[in-house]
Amino acid sequence: MLNRLLLFILAACLGTIFLKMELPIPYLMGGIAAAVACKLAGPAVSWPKGWRELGLLVAGYGIGRNFTAHTWEQMVQQSFGVLEATLIAVAVSVVIAWWTARHTSANLISCVMGIMPGGLTQMMLMSEEDPRADANVVVVMQTLRLVGVIVAVPFLVIHGLGAQVLGSDALVPTAGGIHWLILVPLSFLGAFAATKLRIPTPRLLGPILATAAGSYFLGGLQPVPGLLMLVAQVSIGVYMGMMLEPKKLAATRELMPYIFGGIILMVGVSVLVAWSLSDRYGFSLITAFLAMAPGGIAEMCLAGMSMGEDVSVILTYQLVRLLFLNICVPLAITAYFKKKVAI
């Protein structure tokens with residue numbers, strides 16, 4: 001327990017340094033950096049999954065409260081753009097997977113599961129259940145993809161697109177709207193319902209959808225206090241950093257050039273598509289890029305919150321892509337590779 005407390009303090013300190021450097025989602029990145037440093041240093045420290053999930057409940061509420069009636073209107077009006085962005089992301093991922101499988105010892109099904117953006121949990125579960133897939137390859141590819149994008153996207157947004165971090169989430173006012181403690185029933189009921197309905201990543205999507213519904217029907221909801229969001233980001237970040245196993249990385253080192261090359265290609269295509277979406281629908285290039293970026297829905301929305309961007313747009317695009325990747329893509333993978341085996 002003492003080691004976990006020290007790890008949390010280290011992560012919070014690194015997060016504060018990143019905040020001073022005006023990096024978005026500083027405490028989440030601080031958690032990742034602290035966990036990776038701990039892994040490399042060697043002390044045996046684990047981070048309970050339950051703590052990560054509590055952090056996701058808070059983050060899910062913070063993201064979902066940005067969904068309003070106007071957001072729904074935007075989603076309907078921009079349905080073609082949302083579908084276009086989703087299909088382009090999937091197509092680019094398939095090309096990267098095919099290229100990686102062709103030039104490494106990893107098979108195609110493992111590479112497809114490993115590179116799909118937004119499907120980390122679902123793809124890992126599928127790889128464990130499918131004997132044709134190499135779970136180690138999928139875990140390494142998905143983890144490096146997610147962490148790489150979370151590090152690369154904020155850097156590009158600030159130094160390439162000119163975004164500015166507004167400051168600490170602790171400065172966000174909590175006056176007006178329904179009190180933020182409504183996150184407790186909304187988040188837990190949302191997570192429970194999502195689990196029963198077998199919705200992917202229920203601890204995140206459940207609170208997002210439940211809070212979005214609450215915001216739509218009940219009116220404005222207060223943001224959570226900055227300190228609570230800080231703790232949530234650190235907890236999520238530390239758990240993500242703990243997923244990087246040095247032994248697994250060493251065992252799949254031949255994949256590294258293709259993984260990072262794939263990340264660069266994904267980010268580059270995201271910029272081009274973001275430019276098109278921004279020009280077509282009128283929101284900022286930064287908002288469009290975060291909406292299109294192949295990172296996690298929580299991380300991209302939190303980054304948008306820290307930079308004062310339109311989180312409702314980011315949420316709409318990321319949510320639709322996440323649902324598509326976690327519902328349609330697994331079905332397509334199962335059908336395609338089952339057919340290949342039958343042949």
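Me: The expected span of a helix is 1.5 Å times one less than its number of residues. How do you know that the ends of helix H3 (residues 49–64) are as far apart as they should be?

Reply: The model is predicted, so local features need pLDDT of at least 70 and side-chain atom pairs count only at pLDDT 80 or more, while totals for chains, interfaces and linings use all residues. Residues are numbered from 1 along each chain as its sequence is written, and side-chain values use heavy atoms, with hydrogens and water left out. A helix here is a DSSP run of H or I of at least four residues, numbered from the N terminus. H3 has 16 residues, which should span 22 Å, and its end C-alpha atoms lie 22 Å apart, so the two agree.

Me: What makes H3 largely enclosed by the rest of the structure?

Reply: Twelve of its 16 residues are buried (under 20% relative accessible area, with exposed over 50% and partly exposed in between, using a 1.4 Å probe on protein chains only). Among them are Arg52, Glu53, Leu56, Leu57, Tyr61 and Ile63.

Me: Why is the pair Glu53 and Arg203 called a salt bridge?

Reply: The rule asks for a side-chain nitrogen of Lys or Arg within 4 Å of a carboxyl oxygen of Asp or Glu. The N to O distance between Glu53 and Arg203 is 3.3 Å, and their side chains meet in a salt bridge. Glu53 lies in H3 and Arg203 in helix H10 (residues 202–218), so the pair ties together parts 150 residues apart in sequence. Glu53 has a relative accessible area of 18% and is buried, whereas Arg203, at 29%, counts as partly exposed.

Me: How many salt bridges does the rule give, and where does Arg280 find its partner?

Reply: The count is two. Arg280 meets the side chain of Glu84 at 2.9 Å, N to O. Arg280 is in helix H13 and Glu84 in helix H5, so this pair joins parts 196 residues apart in sequence. Arg280, at 35% relative accessible area, is partly exposed, and Glu84 is partly exposed at 24%.

Me: What makes up the lining of the largest cavity, by class?

Reply: A cavity is a set of points on a 1 Å grid over the protein atoms alone where a 1.4 Å probe fits but cannot get out, and lining residues have an atom within 4 Å of a point. The structure holds four cavities of 30 Å³ or more, and the largest has about 60 Å³ of space, the volume being that filled by probe spheres set on the points. Its lining has eight nonpolar, two polar and one charged residues; Arg counts as charged and Ser as polar. The lining includes Ile88, Val92, Met266, Ser270 and Arg321. H5 gives the largest share, four residues.

Me: How do you know that helix H14 (residues 285–292) is largely enclosed, and what of helix H15 (residues 297–306)?

Reply: Seven of the eight residues of H14 are buried, so that helix is largely enclosed by the rest of the structure. Phe289 and Met292 are among them. In H15 nine of ten are buried, so the conclusion there is that it is largely enclosed too; Glu299 and Cys301 are included.

Me: Why is the Ser312 and Asp310 pair called a polar contact?

Reply: The cut-off is a pair of N or O atoms within 3.5 Å, where one must be able to donate a hydrogen and the other to accept it. The side chains of Ser312 and Asp310 are 2.4 Å apart in this contact. Ser312 is in helix H16 (residues 311–342) and is buried, with a relative accessible area of 7%.

Notes. Helix = DSSP H or I, 4+ residues; strand = E, 2+ residues; numbered from the N terminus. 1 Å grid on protein atoms, 1.4 Å probe; cavity = no way out; pocket = protein on both sides within 12 Å on 5 of 7 lines; lining within 4 Å.
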